[in-house]
Amino acid sequence: MRHEQPHQHRHLSFPSLRPAQGTDGAPGAPSDGAPDAGSGRRPGADDAPGAARCPTCSAPLADGTHRPADPAGPAPAPAPAPGSTDRLLAALSASESRFRAAFCDAGIGMALLDPDDRIIEVNPAFATLVGCGVVDLVRTHIHDIIDPEGMPDRLFPELVRGDRERVRVEKQLKHREGRTVWSKVTISLIRDGAGSPQYTLAMVEDITEQRRLGDRLEYQALHDPLTRLPNRTFFFDRLDAACLTAGITAPETAETAADRPDGRRVGVCYLDLDGFAAINETLGHHIGDQLLIAVAARLRHGVSDHSSHLVARMGGDEFAVLVADSRGSEQLTELATRLLEALERPFDVAGHRLAVTASVGVVERSVHETTPADLVKDADSTLYWSKADGRARWTLYDPDRGAHQLTRQLLATALRPALERGEFTVEYQPLVGLADGAVHGAEALVRWRHPRYGTLSPDRFIPLAEESGAIVPLGTWVLEESCRQARRWLTEFPDNETFVSVNLAARQIWDSDVVADVARALESSGLPARLLQLEITESALLGPGGRPLQSLQALADMGVRIAIDDFGTGYSNLAYLSRLPVHVLKLDGTFIEGFRDPDPAGRTGLPGAGSRRSDADEQIVGAMVQLAHTLGLTVTAEGIESAAQAERLRLTGCDTAQGWYFAKPGEAEHVAAILRERRPRPATP
């Protein structure tokens, strides 16, 4: 802070407010100079320096003009009352003493600076802040104490012009012992009586403890208290910074990204421990916490040779490694491999030797093709692909698989609204007796007429419905619609008594009163219970718990037929068959594959291999049919595609069959047409 007229005062000298006096104390007499002619005043005692005066009355001409004085001369000043001057002088002296005492005893540092930014005088509090004596600081340049970096160059001109009353900044003081003292500095300008800049006053407050507290709070806000790793907030801050550095605000097209000279890429390894919940449940959360600390240390050590990589704990047992300037997907997969290898060695935690594996999702791409939110979302999805693929591995993000996953999510979200909008329909596939060729019943198969994706088969949305719970209202609707349709067939063909077979999901048994649902559907449609068959998978029927068995027993007692679907692929506990309320076994289609015409060369490339498999499958099916018949059950085969298969199954004693050989799934009228002809017309596969 520079001024044109340097000030030569060495110590603080507050401007005197005493009236000029003579040697005898009388007002009007100069104390250190001759009085002005005709005025009885010291030159400049009350006026601005160099101000022009009226030649008649010696009054200052502040604006260059003056009204002529009265010819009689200026009116004499009234004489002060006796003793008033002494009281005024005493009051001014006391005021100056109080001001100096406040300056010296103030709890915050204060320094008076001359126009050259050198210290004229400081108080003890300021000297204590920098570890110096008061006398040692006089004539010291303020920049030797306060770091000038970051101070605005235009500060002093703005203060002089009055654009600022004062300025406040946080600066570091240079302590004599070398430590840092953070301070809040307030700088003000002191003017003389004429309004000209005279001094600069700097007031300094020690905020070192507040800064340390702020730093601790910031650290706690950005770091995981258990592992001391950066947390999710810190991770996203760094990821945002990595993307913003490249100027990304939104995903770009391939064309616009190609035009950019900056080809920066970013990558994320998203990691989750396999089976960590079991450790918490069996050994306790305190052991789990110590394991997380040990895992964090291993992961940090695994990237120690890359200081730019950031390892963060995202929450629970999930961690992420950010590579802010990736060189390609190969670098990220190599990093994922190192992370998995780092966790291979067992952990010794509180006397327990724990073996831990992890699944890792890897995403790497140009920063111009993504956003931070999309990058983490895809990394999280890829992590769960890795778990679904078998765990203890890394999986690289696949856009096609990601699109499929997105479609699944969209379908899962739209299931319930689609049911309300009436987008579902039911098709029926005939169940044909192998002995007489007549249609005995039909399986109800639900279809989704999706407005965007077209007609979707059950395998596209039934698993989603089971996961989301939408299978309960959907299954109830299919049950009611199928019962109404079977009643129509019965009305049109009373001699046939064609039954309808409806698939029953295990979740329908657990999440709803399936017995009441079935009773309601039969009552509202008027369908006899003997013409309703419910299919339930073997794994759901024979799983743990007694509720499915109780419900199925109640349904069987109502007269409803119970069929085990996909028999031979679940628990296959044959001892259950004698105690289950089951009427039909539906053989899984994999058993029927061996009934196709044998390949002379064999499907394995070995002579006769196809024939040997065909013979084995036929013997297995024959044994299951014989067992079922012994227990009083009928057997249905699925997936019949040729007359040869149908004939060979008939020879094994199989009762009914379904498949494209007889008829493809179709509208209810298609089944009615077959019933009118009395026999199914073989369809072309």
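**Second largest pocket and a pair of hairpins**

The second largest pocket is lined by 40 residues, and Glu443, Leu445, Pro458, Asn503 and Asp565 are the ones nearest its centre. A pocket here is an open set of points on a 1 Å grid over the protein atoms alone, where a 1.4 Å probe fits, with protein on both sides within 12 Å along at least five of seven lines; lining residues have an atom within 4 Å of a point.

This is a predicted model: local features need pLDDT of at least 70, side-chain atom pairs count only at pLDDT 80 or more, and totals for chains, interfaces and linings use all residues. Residues are numbered from 1 along each chain as its sequence is written, and side-chain values use heavy atoms, with hydrogens and water left out.

Back to the pocket. β14 gives the largest share of the lining, 5 residues; strands are DSSP runs of E, at least two residues, numbered from the N terminus. By class, the lining has 17 nonpolar, 11 polar and 12 charged residues. Nonpolar means Ala, Val, Leu, Ile, Met, Phe, Trp, Tyr, Cys and Pro; charged means Asp, Glu, Lys and Arg; the others, Gly among them, are polar.

Now the hairpins. Strand β3 (residues 166-174) runs antiparallel to strand β4 (residues 180-191), joined by 9 bridges; two strands pair if DSSP finds at least two bridges between them. Leu173 stands opposite Val181 in β4. In the turn of this hairpin, which has 5 residues between its strands, Gly178 has a positive phi of about 95°.

β4 is also joined by 9 bridges to strand β5 (residues 197-206), again antiparallel. Here Lys184 faces Glu205 in β5. This hairpin has 5 residues between its strands, with Gly195 in the turn at a positive phi of about 90°.

Notes: Helix = DSSP H or I, 4+ residues; strand = E, 2+ residues; numbered from the N terminus.
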